[in-house]
Amino acid sequence: MINFFSKIIIYFYREYKTSMIGLNDLFVNLVFFFLSIFIFIFSIGSDKEILEITGIGIIWSLLLLSSTLSLKKYYDSDFNSGNLIMMHMNGFSYELIALIKVVSNFIFVQIPFLISIPIACLFVNIVFQKIILMLISFIIGSLILSCLGSISASMNLLNKKNYSLGSIIVMVLSIPVIIFSVGIINNEESFLSLIKILFGILFIFIAITPWFSAICIRLAIQNN
Amino acid sequence: MLLANNLQFKRQGLTIFENINVAANPGKIILIKGNNGSGKTTLLKTLLNILEPAEGDVFWFGKNIKTDIFKFYINTCYIMDKPTSNRDMSILENIYFWKKFSKSTISDQEIIRILNVLNLQNYAKQKIKFLSLGEIKKLELSRIIIEQKKLWILDEPFSNLDSNSIDIISKTFIDHSKNGGSVVFASHYNPNIHNEIISLDK
C-alpha cells in the first residue's frame with residue numbers, strides 16, 4: 001500500500017515538473033483571463049454599479065473559458081506518447097489515472113486562477129465580502145470544472161477531428177455550476193442551501209468522472 | 001511463462017490475424033515478423049491485454065492474465081515503437097522516474113554503467129527533445145534493464161539504432177534469456193538471436 005501511494009506521489013511529481021516546464025502556457029491562460037476582463041470593462045464602461053452587478057458573472061464566465069484553453073493538455077500528450085498505457089502497466093487503473101489527472105489539473109491549472117481571482121475582483125469593483133464568497137464558490141466550482149475537463153478531454157481522444165466539441169460539452173455541462181456559483185455570491189441569505197447543491201454537483205462529478213473518462217480512454221486505446 | 005492460445009484479432013470486421021499461438025517459456029526469444037500492417041504491434045498489444053482479442057486467451061504461469069492483470073504487468077516490461085519518455089525532462093530524470101515508478105532496486109552505479117554502454121553518458125542531463133531518434137530509442141531500451149522484469153515485450157527495438165547498438169541490445173536479449181527471462185519482440189530486422197519465429201504474413 002505504501003508502495004502504491006509513493007507511486008502516486010512520483011506521478012504527481014512528474015505532473016508538477018511538466019507543469020513547471022509549461023509555466024508559459026499557464027501564464028498565457030492568466031493573461032487571456034485578465035485581458036478578457038479588461039475588454040469587458042472597456043465595452044461595458046467604467047460605471048461602478050454596472051460593474052458590481054455584472055462583474056461576478058463576467059469573472060465566472062471567463063474562468064470557465066480560460067480553463068477550457070488547457071483541455072488539450074489533459075490527456076493528449078500522455079495518450080500520444082503511450083504514457084497512459086505505461087501508467088496502466090505500472091499498476092494504475094484507467095479510473096485512477098483519470099482521478100489523478102483531475103487532481104493535478106485542479107492543483108496546477110485551477111489554483112493559479114484561484115490566486116488571481118481577488119485581483120480580478122478589484123478590477124470589477126467587487127466588495128471584500130463577496131470576494132471571499134467568490135473564492136469559496138470557485139474552490140468547489142473549479143473542482144467540478146476539472147472533472148468536466150477530464151470528461152471532455154477523454155471524449156476528445158475518441159474524436160480527434162473536432163476538438164471544439166470538447167469545449168462545447170464543458171460549457172453546456174457547466175451551466176448549472178455557473179448558476180449556483182454566481183447565486184452563492186449574489187444571494188448571501190441562501191448561501192448554505194446553494195453551497196449544498198454545489199457540493200452535490202461536485203460529488204456527482206467526482207463519482208462519474210473516473211469511470212466515464214476511463215471508458216473513453218480504454219475505447220480510444222482500442223481504436224488507436 | 002507466457003502462453004497465448006489460438007489468438008484472433010478483428011478490426012471493423014477485418015481479420016488482422018488468427019490462430020496465433022505463443023509460448024514464451026523462460027529462456028526463450030521469440031521474433032514476430034511480418035510486412036507493414038500485418039498486425040505485429042496489434043499482436044503485442046493483444047498479448048498485453050491492451051487490445052481485446054476476438055478469440056483466444058493469454059495465460060501467465062497458467063492463469064488467465066485477465067484474472068489479475070496487474071500481477072502480470074509487474075513481471076512485464078513493454079517497450080513501445082514510440083518514445084514514452086517525457087520530452088521536457090532529461091535522460092537522468094526520465095530514468096529515475098522509471099526506476100522509482102517500477103520500484104526497481106537498480107543502483108546508481110548500474111545506471112551510470114547502462115548510460116556508458118549505450119553511449120549516452122555525455123547527454124545524461126540533456127533534455128529528450130534535443131536528442132536524436134537513435135539516442136531516444138536507446139534511452140527507451142534502457143528501461144528493460146532498469147525495470148528488472150522477467151518478460152520483455154518490445155515493438156521494433158532495433159529501429160533507428162546503429163550496428164553497434166543493435167549488437168549491444170541483441171546481447172542483452174541473449175543474456176536475459178540465459179538468466180531465465182523471456183523476450184518477445186516484433187521487428188523488420190532479424191538479428192538471428194531468436195529461438196522461434198512467428199510470421200504474420202499471409
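This tour proceeds through selected helices, cysteines and one lysine of a predicted model.

**First stop: H7(A) and H8(A).** Select residues 128–158 of chain A, which form helix H7, together with residues 164–173 of chain A, which form helix H8. The two helices pack at an angle of about 150°, and their axes lie 8 Å apart. Since angles over 145 degrees count as roughly antiparallel, H7(A) and H8(A) are therefore roughly antiparallel to each other. Their crossing is right-handed. To view the contact itself, display the side of H7(A) that carries Leu148(A), Gly149(A), Ser152(A), Met155(A) and Asn156(A). From H8(A), add Gly166(A), Ile169(A), Val170(A) and Leu173(A). Coloured by class, this contact of H7(A) with H8(A) shows five nonpolar and four polar residues, with no charged residues.

**Second stop: H3(A) and H8(A).** Keep H8(A) selected and add helix H3, residues 48–69 of chain A. The axes of H3(A) and H8(A) come within 10 Å and cross at roughly 150°. H3(A) and H8(A) are therefore roughly antiparallel to each other, and the crossing is right-handed. On H3(A), select Leu64(A), Leu65(A) and Thr68(A); these residues meet Ser167(A), Val170(A) and Met171(A) of H8(A). By class, the contact of H3(A) with H8(A) comprises four nonpolar, two polar and no charged residues. Val170(A) deserves a separate selection: this residue is listed in the contact with H7(A) and also in the contact with H3(A).

**Third stop: the cysteines.** How many disulfides does the structure hold over all chains? The count is zero. Select Cys216(A) and then Cys147(A), whose sulfur is the closest cysteine sulfur to that of Cys216(A). The separation is 14 Å, which is too far for a bond, because a disulfide requires the sulfur atoms to be within 2.5 Å. Is Cys216(A) buried or exposed? At 5% relative accessibility, Cys216(A) counts as buried, since the cut-off for that class is under 20%. Next, select Cys121(A), which has 0% relative accessibility and therefore also counts as buried.

**Final stop: Lys178(B).** Move to chain B and select helix H6, residues 163–178, in which Lys178(B) is found. With a relative accessibility of 66%, Lys178(B) counts as exposed, because the exposed class begins over 50%. Finally, add Ile16(B) and draw a distance between the two C-alpha atoms: Lys178(B) and Ile16(B) are 162 residues apart along the chain, and their C-alpha atoms are separated by 33 Å.

Methods. Residues are numbered from 1 along each chain as its sequence is written. Chains are lettered from A and ligands numbered from 1 in the order in which they are written. This is a predicted model: local features need pLDDT of at least 70, side-chain atom pairs count only at pLDDT 80 or more; totals for chains, interfaces and linings use all residues. Side-chain values use heavy atoms; hydrogens and water are left out. Axes are lines fitted to C-alpha atoms, for helices over the stretch in contact, and angles run from 0 to 180 degrees between N-to-C directions. Helices (H or I, at least four residues) and strands (E, at least two) are DSSP runs, numbered from the N terminus. Angles under 35 degrees count as roughly parallel, over 145 as roughly antiparallel, 65 to 115 as roughly perpendicular and the rest as oblique. A crossing is left-handed if the near helix is turned anticlockwise from the far one by less than a right angle, and right-handed if clockwise. Contact means heavy atoms within 4.5 Å. Ala, Val, Leu, Ile, Met, Phe, Trp, Tyr, Cys and Pro count as nonpolar, Asp, Glu, Lys and Arg as charged, and the others, Gly among them, as polar. Buried means under 20% relative accessible area, exposed over 50%, partly exposed in between (1.4 Å probe, protein chains only).
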